[in-house]
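Me: I would like to learn how to read a few features of a protein model, beginning with a helix and ending with the cysteines. Could you take me through them step by step?

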Amino acid sequence: MAQHDKVNIGTFPTTITRENNFARMELEGRVNLFIKHEEKNNDEIGVGVKIRQIEYLFAAAKEQGYTHLIVDGVIDSHCCRAISHYAPRYGLEAVLVIKDDGPLVNIPEAHQKMINSAAHITYTGKNPEPQKLEQIKQKIASEYREKSAMPMVVPTGATNELTIPAGIDIADEIANYEK
């Protein structure tokens, strides 16, 4: 498998602990339950496992000449929050397509951080059909291309072939732990 570049945002490997309190009594002594604490990866905004994918996404976007990342998510999406927070450090601009009606009276903290970032935000209304969501993202991408930008349309959750190595990293860490 080819080596993939990534930027460094999170602190890895993450901790693995043995959890005795979750095993049912009749399984006691027959089951070993271990938890890989991806929520404790120590990135500065506490996003969790998405940081692994974003590290590969940013490196690939820069390598391929993209200037903007167009990503969708719900109003309190950890993925959108992370992309809006970290993208400028890597010379990328975040364009968020939020599946909601817009700012609320009680704005979730994660969304307020997106608003405070340099990201451009478009609201689609609640629960748009997948085809409509994709059309919105493609229209936004077209508008950016007309301005001589190079936008990358990122799938929901930043999961695509560019971010597969993030899952492999987790598997490697588990294999090393088992050794």
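Me: Which residues of helix 5 are buried?

Reply: Bear in mind throughout that this is a predicted model. The buried residues of helix 5 are Pro165, Ala166, Asp169, Ile170 and Glu173, and the helix that carries them runs over residues 164-178, 15 residues in total. From its first C-alpha to its last, helix 5 reaches 22 Å, which is close to the 21 Å expected at 1.5 Å a residue.

Me: How should I read the spacing of such a list, and where around the axis do the buried residues of helix 5 lie?

Reply: The general idea is that an α-helix has 3.6 residues a turn, so residues three or four places apart point the same way. In the present case, the buried residues of helix 5, among them Ala166 and Ile170, cover an arc of only 155° around the axis, and therefore they lie on the same side of the helix.

Me: What covers the buried residues of helix 5?

Reply: The cover includes strand 1, strand 2 (34-36) and helix 1, which spans residues 50-63. For a view from helix 1, take Gln53, which is found in that helix and is buried, with a relative accessible area of 12%. Leaving aside neighbours within four places in sequence, Gln53 is in contact with Gly157, Ala158, Thr159, Thr163 and Ala166, and Ala166 is one of the buried residues of helix 5.

Me: Turning to the segment before strand 1, is Thr14 buried or exposed, and with which side chain does the side chain of Thr14 make a polar contact?

Reply: Thr14, which lies in the segment before strand 1 (16-18), is buried because its relative accessible area of 8% falls under the 20% cut-off. The side chain of Thr14 makes a polar contact with the side chain of Lys36, at 2.7 Å. As for the backbone, the C-alpha atoms of Thr14 and Asn42 are separated by 8.6 Å, although the two residues are 28 residues apart along the chain.

Me: How many disulfides does a search of the whole structure find, and why is there no bond between the sulfur atoms of Cys79 and Cys80?

Reply: In general, a disulfide is a covalent bond between the sulfur atoms of two cysteines. Here, a search of the whole structure finds 0 disulfides. The sulfur of Cys79 has its closest cysteine sulfur in Cys80, but the separation is 5.7 Å, so the two are too far for a bond. Both residues are nevertheless buried, Cys79 at 4% relative accessibility and Cys80 with a relative accessible area of 0%.

How values were computed. Residues numbered from 1 in each chain as written. Predicted model: local features only at pLDDT ≥ 70, side-chain atom pairs only at ≥ 80, totals over all residues. Heavy atoms only, no water. Helix = DSSP H or I, 4+ residues; strand = E, 2+ residues; numbered from the N terminus. Buried < 20%, exposed > 50% of the residue type's maximum accessible area, 1.4 Å probe, protein only. Polar contact = N/O pair within 3.5 Å; in protein donor to acceptor, adjacent residues only side chain to side chain. Expected span 1.5 Å × (residues − 1). Arc of directions from axis to C-beta. Contact = heavy atoms within 4.5 Å. Disulfide = S-S within 2.5 Å.
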